Amino acid sequence: MDIFLQQMVNGLTIGSLYALVALGYTMVYGVMRLINFAHGDLVAFSAFIGLSVYAQIFGESVTSLIAVITVFVFTAAIVAFVGVLLERLAYRPLRTAPRLSAVVSALGAGLVIQNSIMLIWGPNMKIFPSDLFPSTIWEIGGIVITFTQVMILGLSSVLMVGLYFFIHQTKIGTAIRAVAIDQDAAKLMGINVGRIIMIIFIIGSTLGAVAGLFIGTYYRGVTFDMGWMYGLNAFVAAIMGGIGNIPGAMLGGLLLGLFNAMITGYISTQWAETFTFVLLIVILVFRPTGILGETVAEKV
Amino acid sequence: MMNKTSLIAMTLLIFMGFFPLFVDSAWLAVGTTFLVFSVVALSQDIILGRAGVFHMGHAMFFGLGAYTTAILNVHFGLPILATWAPAVLVPMLVAFILVFPIIHLRGDYLLVATIGFNIIFIQVLQNDVFGLTGGPNGLFGIDVVRVLGFDFSSQTHMYYMAFILLGITLFIMRNLDRSKFGRAMFYIHKDEIAAQSMGINVRYYKLYAFILGAGIAGAAGSMFSVQYSAVSPEAFNVTQSIMFFTIVLVGGSASLPGVLIGTFVMFVLPEMFREFETARYLVFGIAMILTMILRPRGIWPVRFGNIPSFLKKEEVK
């Protein structure tokens, strides 16, 4: 039972990381029908940017709330800028092209980001500073919960709830939903589609940046090619929940995190990916549009 | 009458035929790899380019062929010749079993499912299931092709075997284009719903394309394992699948010259630019984006409009 509860906590932590990344995929997909394969690499990129921001501003070791906030804000800003740049250079020129051309462009952009990380920070694993968050540990009934985990769970929940309300309550959110449903009709209603897509990339990249920093603080070691695996898992989470659906991405992320944690806790780590994809395929066989996906007719 | 394209094709084939006579062994190996990967890329094109099925796990079928040959030869001592049929049939069977339940899924979902197949395949190889796959190191010491006591073991032999394999593949693809299957696939790609309402069984043809593509990739895999006399999991991972996926789209889907150019760009050019080892993939990524922006349908796209040109009557000039 202890293992179960412990893996629950770990699973929820990993799950909320997946959910944050999955939101980036699902929002871009919802609006542009594009699998943004570069998003995972952007997440990895943010971890490295975070490292450099931390080293540049605070030198070796400073622990304070201000420091943490500064690192997060700076990193998010830089990564959001790169995300917008990515959209401008790699996706915008392809908006009228065949759908798969944009996929190739996304794969190319992923390669560019990944190899830029390698050229800038080197091919070896980098270690995240351990003093970004206090190393406080709570023990509740045999379950160990770290401060980092609490932080990850708390901040991700705040961000996800915030995003949900942003999408559903604000004017920009309504515009985003309108563009997701029908770009041409939205354009006729006076919505600036280009700007909405930019906003989507800013939000997605910011959430990805937060996830990247959390991955760094949680796992400590970061590598230039780690984005692919996190990205793929998050993408699977988005698909499980029903891609294009924001609560779906959150649900999918948490579900996948829990599932992964249970597999690694009870079965083995060697087969973790296999179980992930078997779960995905089983879900797709029974619910072809994901758990929360609507069964809409194919647009002709 | 020969048109310009077939003239170029003939020239290329003749050039490739005499290629081993004026290059050293390093370039011969590059040439052989080009031929083998061309076959795989063409088989990916049957699925992705012709039937329009989003498929990003093709390295799995390539690997299944390679591992079938390797396992039958190393563990069971079968001669290479006897492994050829299983190396084609096993990928076809696996394609049928895996893809049948999900072929009706929408494009992007299928894309992820096929990536998933490839990842599962790699994990199966790495975990050395039943002690057959040799784990992360793979299998070594695969035999050469022997016919009636004669060994086909030199580089040049490998090259010509791959050359014949490419020839067979091109022949199959040409016949495919002219067949009922080819036309059905063409219309499915053009407009799936219209094709369906014309009575074309979309699911059946997509599955057919998948199985055919898997079989051809398996044959190439068998050739690949003999060429290197070894197989290991990383040659068949998702990165390779993405490579084949990209080749078809960068070259031009459903276009034979396009796919061959794609293979050349993705496999031979990197060999030429070995000096820029570290920055190579950065340049590659930029090139992929630029190609797609400048030529969204690929470098050498298919030309035909609504009716494939070979079905039209010869135009009077």
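Are B:Phe62 and B:Phe244 buried or exposed? In this predicted model, B:Phe62 is buried, and B:Phe244 is buried as well. The aromatic contacts of chain B are described below, followed by the overall form of chain A.

Across all chains, a search of the whole structure returns 35 aromatic pairs. One of the pairs is formed by B:Phe37 and B:Phe224, whose ring centres are 5.8 Å apart and whose planes meet at 40°; because this angle is neither under 30 degrees nor over 60, the pair is classed as tilted. This contact joins distant parts of the chain, since B:Phe37 belongs to helix H2 (residues 25-50) of chain B and B:Phe224 to helix H9 (residues 202-228) of chain B, with their positions 187 residues apart in sequence. B:Phe37 has a relative accessible area of 6% and is therefore buried, and B:Phe224, with a relative accessible area of 10%, is likewise buried.

An aromatic pair is also formed by B:Phe62 and B:Phe244, in an edge-to-face arrangement with 5.9 Å from centre to centre and 85° between the planes. Here too the pair links distant parts of the chain, with B:Phe62 in helix H3 (residues 58-74) of chain B and B:Phe244 in helix H10 (residues 238-251) of chain B, 182 residues apart. These four phenylalanines are members of a cluster that is held together by ring pairs and that also includes B:Tyr67, B:Tyr228, B:Phe236 and B:Phe267. A contact of another kind involves B:Arg203, whose charged end sits over the ring of B:Phe100 at 4.9 Å from the ring centre.

Turning to chain A, its secondary structure consists of 11 helices and 4 strands. The radius of gyration of chain A is 19 Å, close to the 19 Å given by the globule rule for 300 residues, so the chain is as compact as a globular protein of that length. Taken along the principal axes, the box filled by the C-alpha atoms of chain A is roughly 55 × 45 × 35 Å.

Of the 300 residues in chain A, 56% count as buried. When contacts in chain A between residues at least 6 apart in sequence are considered, 76% join residues that are at least 24 apart. The area exposed by chain A is about 12,600 Å², of which 68% is supplied by carbon and sulfur atoms.

How values were computed
Residues are numbered from 1 along each chain as its sequence is written. Chains are lettered from A and ligands numbered from 1 in the order in which they are written. This is a predicted model: local features need pLDDT of at least 70, side-chain atom pairs count only at pLDDT 80 or more; totals for chains, interfaces and linings use all residues. Side-chain values use heavy atoms; hydrogens and water are left out. Rings of Phe, Tyr and Trp (its six-membered ring) pair if their centres lie within 6.5 Å; planes under 30 degrees apart count as stacked, over 60 as edge-to-face and the rest as tilted. Helices (H or I, at least four residues) and strands (E, at least two) are DSSP runs, numbered from the N terminus. Buried means under 20% relative accessible area, exposed over 50%, partly exposed in between (1.4 Å probe, protein chains only). A charge sits over a ring if NZ of Lys or CZ of Arg is within 6 Å of the ring centre and within 35 degrees of the ring normal. The radius of gyration is taken over C-alpha atoms; the globule rule is 2.2 Å times the number of residues to the power 0.38. Contact means heavy atoms within 4.5 Å. Accessible areas come from the Shrake-Rupley method with a 1.4 Å probe; for residues, only the protein chains shown count as cover.
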